[in-house]
Amino acid sequence: MDGTVYLAYDYPVLGAFWTVMWIFLWVLWLVILFRVILDIFRSHDMNGWIKALWLLFVLIIPFLGVLIYVIVRGDSMGRREIQHAQEQQEAFAAYVRQAAKGEGGGTTDELARLSELKAKGDLSDEEFQKAKQKLLG
């Protein structure tokens, strides 16, 4: 044993800064790499062979491949990302409208219809209670 003990104050502040900087750049690099790979698969204007070539280029020579991809297809990357976000928003809005409409005759709609029939006098209290128990039970 050499008896050397490193304490927290033995690590210089500039060293900590550079460590955090390198970790940040590494995570940023991974985010960009995965965004490019997702964009390659998301692109509908390329056929399968061109997608495979881009993917090989990006995976074999990552830094150069990503840089060239962003230079060549960067403007359309943004458009595809916006289009994908709009499609997701439209799908979510359609789902919310469908769920709010209550297609399929939900329990709430049936109870509202039963209470209307009771209010009109078409159902007696006993019939209303039986139908309500049937719906809820």
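**View 1. Aromatic pairs in the predicted model.** In this predicted model, a search of the whole structure finds four aromatic pairs. One of them joins Phe17 and Trp18, whose rings meet edge-to-face, with 5.3 Å from centre to centre and 70 degrees between the planes. Phe17 is partly exposed, at a relative accessible area of 43%, and Trp18 is likewise partly exposed, at 44%.

**View 2. The pair formed by Trp54 and Tyr69.** Trp54 and Tyr69 also form an edge-to-face aromatic pair, in which the centres are 4.9 Å apart and the planes stand at 85 degrees to each other. This pair links distant parts of the chain, since Trp54 lies in helix H2 (residues 48-60) and Tyr69 in helix H3, 15 residues apart. Trp54 has a relative accessibility of 15% and therefore counts as buried, the cut-off for this class being under 20%. Tyr69 is buried as well, with a relative accessible area of 0%. Together with Phe57, the residues Trp54 and Tyr69 make up one aromatic cluster.

**View 3. The crossing of helices H1 and H3.** Helix H1 (residues 13-42) and helix H3 (residues 62-101) have axes that come within 9 Å and cross at roughly 65 degrees, and the crossing is left-handed. On the H1 side, the contact is made by Trp29, Ile32, Leu33, Arg35, Val36, Asp39, Ile40 and Arg42. On the H3 side, the contributing residues are Pro62, Phe63, Val66, Tyr69, Val70, Met77, Arg80, Glu81 and His84. By residue class, the contact of H1 with H3 comprises eleven nonpolar, one polar and five charged residues. Tyr69, which pairs with Trp54 in the preceding view, is thus among the residues through which H3 meets H1.

**View 4. The surroundings of Arg80.** Arg80 is located in helix H3 and is one of the residues that this helix brings to the contact with H1. With a relative accessibility of 10%, Arg80 counts as buried, because the class takes in residues under 20%. Leaving aside residues up to four places away in sequence, Arg80 touches Asp39, Arg42, Ser43, Asp45, Tyr69 and Arg73. Among these neighbours, Asp39 and Arg42 belong to the H1 side of the helix contact, while Tyr69 is the buried residue, at 0% relative accessible area, that also takes part in the aromatic cluster with Trp54 and Phe57.

Conventions:
Residues are numbered from 1 along each chain as its sequence is written. This is a predicted model: local features need pLDDT of at least 70, side-chain atom pairs count only at pLDDT 80 or more; totals for chains, interfaces and linings use all residues. Side-chain values use heavy atoms; hydrogens and water are left out. Axes are lines fitted to C-alpha atoms, for helices over the stretch in contact, and angles run from 0 to 180 degrees between N-to-C directions. Helices (H or I, at least four residues) and strands (E, at least two) are DSSP runs, numbered from the N terminus. A crossing is left-handed if the near helix is turned anticlockwise from the far one by less than a right angle, and right-handed if clockwise. Contact means heavy atoms within 4.5 Å. Ala, Val, Leu, Ile, Met, Phe, Trp, Tyr, Cys and Pro count as nonpolar, Asp, Glu, Lys and Arg as charged, and the others, Gly among them, as polar. Rings of Phe, Tyr and Trp (its six-membered ring) pair if their centres lie within 6.5 Å; planes under 30 degrees apart count as stacked, over 60 as edge-to-face and the rest as tilted. Buried means under 20% relative accessible area, exposed over 50%, partly exposed in between (1.4 Å probe, protein chains only).
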